[in-house]
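Reader: I'm new to this one and would like a close look at a single part, the hairpin and what sits around it. Could you walk me through it, starting from the whole chain?

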Amino acid sequence: MKQILLKPETSGQLAKWAIELGEHDINYHPRTSIKGQALANFLLEIPEGGEEMSQEGTPVTGETPKDNRRWTLYTDDASSTEGTRAGLILTSPEGEEVTYALRFDFHTSNNEAEYEAFLAGLRLAKKMGTEAMVALTDSRLATNQINGSFETKDKRMEKYVRIVQRLIKPFKEFVIK
């Protein structure tokens, strides 16, 4: 869009689009840096501090937190021939959104990518001081493994579940759907 609206002379096709779009009075303004996004990027790059993993499980309720101070975490993943990617959106109680995109330089299954995005979101929420959270994911497997409804038969999935359980312990209220 930027090239079409700001430099339509670079190609005949672009000039045609510039003419078509010109009648709609569309202006291009580059997106400025979002302070929250810069903070989120910084917080995710800080290592956790090498805390030892707990073997204990954490009970996860199916109830929605009653506190209006809850944050919402959305996660999703996508696989293609170019690799696996995942994303997350962390929404504050005030409605501010922090989005984060992940690209994996290692082979991962869809379920592992979903867990990786979920873990990144939990770490970010923890660093931002979140106490109550609702996590929404499209991974039925991850949701039910974390809730304890499904068994973890795979060692890798078992490890992911243990890490998630360790990370959700500090939250006063936590729900995953």
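Author: Of the 177 residues in the protein chain, 37% count as buried. Keep in mind that this is a predicted model. The pLDDT averages 75 over the chain, and 62% of the residues score at least 70. One stretch to treat with care is residues 49–67, where the pLDDT is below 50; in the model that stretch still has 37 contacts beyond near neighbours in sequence.

Now for the overall layout. The chain has six helices and five strands, and from the N terminus on they run α-α-α-β-β-β-α-β-α-α-β. If you look at contacts between residues at least 6 apart in sequence, 65% of them join residues at least 24 apart.

On to the hairpin itself. It's formed by E2 and E3, with five residues between them. E2 covers residues 83–91 and E3 covers 97–103. The two strands run antiparallel, and seven bridges join them. To find the pairing on your screen, look for Ala86, which stands opposite Leu102 of E3, and then for Gly87, which stands opposite Ala101. In the turn, pick out Gly95: its phi is positive, about 95°.

Follow the side chains along E3 next. In a regular strand, side chains alternate between the two faces of the sheet. E3 shows this pattern: Val98, Tyr100 and Leu102 point to one face and are buried, while Glu97, Thr99, Ala101 and Arg103 point to the other face and are not buried. So what about the two residues we've just matched up with E2? Leu102, opposite Ala86, is on the buried face, whereas Ala101, opposite Gly87, is on the other one.

Now step into the loop between E2 and E3, where you'll find Ser92. Is Ser92 buried or exposed? Its relative accessible area is 7%, which is under the 20% cut-off, so Ser92 counts as buried. Leaving aside neighbours within four places in sequence, Ser92 is in contact with Arg70 and Trp71.

That brings us to Trp71, which belongs to strand E1 (residues 71–80). Trp71 has a relative accessibility of 14%, so this residue counts as buried too. What does Trp71 touch, leaving aside neighbours within four places in sequence? Its contacts include Leu90, Thr91, Ser92 and Pro93. Trp71 also touches Met128, Thr130, Ala132, Met133 and Val134. You can check the turn from here as well: Trp71 and Gly95 are 24 residues apart along the chain, and their C-alpha atoms are separated by 8.9 Å.

Some of those partners lead on to another strand. Ala132, Met133 and Val134, all touched by Trp71, lie within the range of E4 (132–137). E4, in turn, is among the elements that cover the buried residues of helix H5; the others include H4 (110–127), H6 (155–168) and E5 (173–176). Those buried residues of H5 are Ala142, Thr143, Asn144, Gln145 and Ile146.

Last, a look at H5 beside H6. Their axes are 10 Å apart and the packing angle is about 60°, so the two helices are oblique to each other. The contact is made by Leu141, Gln145 and Ile146 on the H5 side, and by Met157, Val161, Val164 and Gln165 on the H6 side. The crossing is right-handed. Right after H5 comes Gly148, with a positive phi near 90°.

Terms used: Residues are numbered from 1 along each chain as its sequence is written. This is a predicted model: local features need pLDDT of at least 70, side-chain atom pairs count only at pLDDT 80 or more; totals for chains, interfaces and linings use all residues. Side-chain values use heavy atoms; hydrogens and water are left out. Buried means under 20% relative accessible area, exposed over 50%, partly exposed in between (1.4 Å probe, protein chains only). Helices (H or I, at least four residues) and strands (E, at least two) are DSSP runs, numbered from the N terminus. Contact means heavy atoms within 4.5 Å. pLDDT is the predictor's confidence in each residue, from 0 to 100. Two strands pair if DSSP finds at least two bridges between them. Axes are lines fitted to C-alpha atoms, for helices over the stretch in contact, and angles run from 0 to 180 degrees between N-to-C directions. Angles under 35 degrees count as roughly parallel, over 145 as roughly antiparallel, 65 to 115 as roughly perpendicular and the rest as oblique. A crossing is left-handed if the near helix is turned anticlockwise from the far one by less than a right angle, and right-handed if clockwise.
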